[in-house]
Structures are given as C-alpha cells and as structure tokens.
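Visitor: Could you walk me through this one? I'd like to know what stands behind the words you use.

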Amino acid sequence: MGWLWLRFCRLFANREQEVTRAGKLAYNETQKKAGSLMPDEALARAIASPPAQKLRPRKTISMKLFQCQVCSQPLFFENALCEKCGHRLGFDPKARQLMALEPAGGDLWQEAQPGAASRWRFCTNATQGVCNWLVPHDSAQTLCVSCRHNRMIPDLAEPQHLERWRRIESAKHRLIYTLLALDLPLPTRAQDAKGLAFDILASAQGGPPVMTGHEDGLVTLNLGEADDGEREKRRTDMGETYRTLLGHVRHEIGHFYWERLVRDGGRIEAFRSLFGDERADYASALQRHYAQGPAPDWQMHYVSTYASAHPWEDFAETFAHYLHIVDTLETANAFGLEVHPRIRAAADISSQIDVDAHHARDIGHLIDAWLPLCFAVNSLNRSMGQPDLYPFVLSPQAIAKLGFVQELVHRPPQAPEHFA
Ligand SMILES: [Zn+2]
Ligand SMILES: [Zn+2]
Ligand SMILES: [Zn+2]
C-alpha cells in the first residue's frame, strides 16, 4: 500500500504522570519541543505519494450528529435540553441515539414520539448534571453504562469539584460512546475483578498530586487536569503540543485493552514484532526516557516521544490515536465533509469523508480519509491562530501499528452484555 507520510502536523507527545506497575515515578520532563514543517512541504510529499486506494462507499448512517425528533434542532452529544423546543434530552447508549423525551409518570420518561413504548430512567448522575444517558426502566441498575464504571468520584462539597467532574465525565462518556460503537468488551468490577473502573480524584491540599494511570483495569484520573489553566501549565512545562482530558482517557483505556486483547487475547507475539518486547523493565525505561529523551529518529517509529518510552506506552498512545481518528472521521462523515483543495494535483490530497470509521477493516481507508482532513482542519485552525487540531506525524511504522490496533478491536473476545 502506498502510505502517505504527510508531515503537516507538528510532533506530539501525549505524556502523563502515571501510577506505574513499578510505583510512582517523579516526572522529569526533558523532551525537546517539537518542530513543524511548512504546509508546502507537506503538499510536495503528498503529491509525490498519492493515495493508493479510493474510499469505500458509505455503508451505515453516521450517528454523531444528532437532531431533535420534535423540532429538528441539531443537537450536540452532551445536550441535556433542546434549546429550541425545550424537550429534555436523553441518550440511549444501546441505539447510540439522543432522544427528545416526555414525562411518563414518576421518574420515568418516554420518547416524544406517537406510540413510543419504551420507558426510561435517567442515570443517577443526571441529578448532578454530569450525565444525560438513560437506563431502561426495568433495569436493576441506577447508573448508566458509562457511570457504573466509576469507583471513586471527587468530594462534591468542594465548590470547584462538580464542574471539573462534569468535564471529565464529558470526555469519559465520549470515550465509552466509541468503545460501544466498536463493540469492545466493557466489563464492570461486578462482572470481573479486573473489569474497567475509574477513580476520579482530587489531589489533597499540600499533598502529592494524583497520578493519572492504569493498573489492573482501574484508571485513575486527576481532577486537576479538568482545570484549563492547570492542564495548560502542565502541557507547556512538558513541552507538549497536545494535552486534553479526552487524550488522557483514550490513552489509559489503551493500557486496559492491551491486557484484555493483546496479553489475554493471544496476540503477544504479533504485538512484540511491531511494538517491541514489553518485558523490558518499565520503571527504568521511563526513567531513561525522562532523563535522556527519545532517540533522534523516534518519529520514524513512534507517534509521539512518549510512545518511544516503552512498548506499553507505545501501544497506549497508538490506541488513543486510533480512537482520535475513528471519532473525528465519524463526525466529519456526519457533516458530509469533503476536502478538495484548489491547487494543482488537488486530487492527490482530496477526500470525501464517507468512510465508515467504526467498521473499516483496512487502515489504509482510514488514513486516506484522515490525512487530507487533518491538513485542511490544521490549516483552518492556523487561520484562526489556534493550535493544530492534530499536531502529529504519522510515519509508515506508526500507521502499521494503527493497523494492528484496528485489526485487534475487530476481533475482541465475546463481550458481556453492556445494556442490562
Ligand atoms: Zn427540539
Ligand atoms: Zn451516567
Ligand atoms: Zn500510559
């Protein structure tokens, strides 16, 4: 396959402070700040290496763009109320659909459609304004399929905590949406001792910061990262070009699925052939990474400097990128976006974003749609003085690793029922 290597994106590192299997490591960021290449160089590269294949035709209706069934108002995934007709909105995670609702007696709700038969309750966390997802009325669960994975939430007596928790839930719900769309296993701790759980914790005053990380299915998230100023300070202190809550949860879930789909899924040898041997000592690998930085040619092999620290981190970074790409392509598809630059040889970097990102089995289909879209949106962001949407380089080896993740997520072990 003729891979594009478009260097229109600035380099990226999605690093985090982590609780590692080896214990807490002091974070001593020494990475060089990444540079960027001029767009005309990117064009030259694109023209030199045109996409090998055209996109697949549209196969399914994309769902990320929602619409009120009552008044046709376009809605965001996070909306709890239709601003036009005033209907309360709830998200059905099984159908992955946002619905306009009407009261159905007591705490029950039904779709605002003639003959609607299903009855729903809101997730308990809706009372805090941090969730708009629904639970079937006859379910024994009071929390939705996203919130039931929470093990610890922050102390809401602290005034700042509720808004920060809401931001983390917004990222987490978007993560779970994509995992459901990919039909990946999402066992809770009640179903599996090492099922997926989240501790969302605030650092104690004067104490050590909460360390973002994953261990045996438990993802720990630092509430402080939901503060824009605090997160931006960490990003600049570490010389990163990208640091978001969504990036954090997509990275940590990568560690979770490494254990499930690679280690326990019989894929360890295939993993090692692409990512390296994860039996290399993790603590010393990270210490070396923070002390010495990545190898000079790291971008030939890794999607980020942090990915070069250890095969586990390489996989988690690659997994996060796969989710970034799938989610963003789904949204672009829903908006019917096309990229047709008004330049010579435009066909070589044109794209009609009609790939079914959740079901595509060939990473080339995703990348052929993704790179022109990134080039266009990065250029739009620069027109507004904003950082690039996707400040990364995708080398052929990084794309091959994305292909491994894609193949992996489409052959998971039997998933327990999410929607009971
Ligand atoms: Zn409406
Ligand atoms: Zn919920
Ligand atoms: Zn990690």
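Guide: Sure. Let's start with contacts: two residues are in contact if their C-beta atoms, placed from the backbone, lie within 7 Å. Bear in mind that this is a predicted model.

Visitor: So what is leucine 134 in contact with, leaving aside its neighbours within four places in sequence?

Guide: By that cut-off, leucine 134 touches Gly90, Phe91, Asp92, Trp120, Arg121, Phe122, Cys123 and Cys144. Across the protein chain, take the contacts with a separation of 6 or more: 63% of them join residues 24 or more positions apart.

Visitor: What makes a set of residues a nonpolar core?

Guide: Its members are buried residues of types such as Leu, Phe, Trp and Cys, joined through C-beta atoms within 7 Å. Here the largest such core has 95 residues, and Leu134 is among those with the most contacts inside it, along with Cys123, Cys144, Phe319, Leu329, Leu366 and Trp370. Helix α7 (residues 311-334) supplies the largest share of this core, 11 residues.

Visitor: Why is α9 called largely enclosed?

Guide: A residue counts as buried if 20 or more other C-beta atoms lie within 10 Å of its own. In α9, 10 of the 14 residues pass, so the helix is largely enclosed by the rest of the structure. Among them are Ala398, Ile399, Phe404 and Val409, and the buried residues pack against α4 (245-263), α5 (268-275), α7 and α8 (363-383).

Visitor: How does the reach of α9 compare with what is expected at 1.5 Å a residue?

Guide: From first C-alpha to last, α9 (residues 396-409) reaches 20 Å, close to the expected 20 Å.

Notes: Residues are numbered from 1 along each chain as its sequence is written. Chains are lettered from A and ligands numbered from 1 in the order in which they are written. This is a predicted model: local features need pLDDT of at least 70, side-chain atom pairs count only at pLDDT 80 or more; totals for chains, interfaces and linings use all residues. A residue is buried if 20 or more other C-beta atoms lie within 10 Å of its own, exposed if 12 or fewer, and partly exposed in between; C-beta atoms are placed from the backbone. Helices (H or I, at least four residues) and strands (E, at least two) are DSSP runs, numbered from the N terminus. The expected span of a helix is 1.5 Å times one less than its number of residues.
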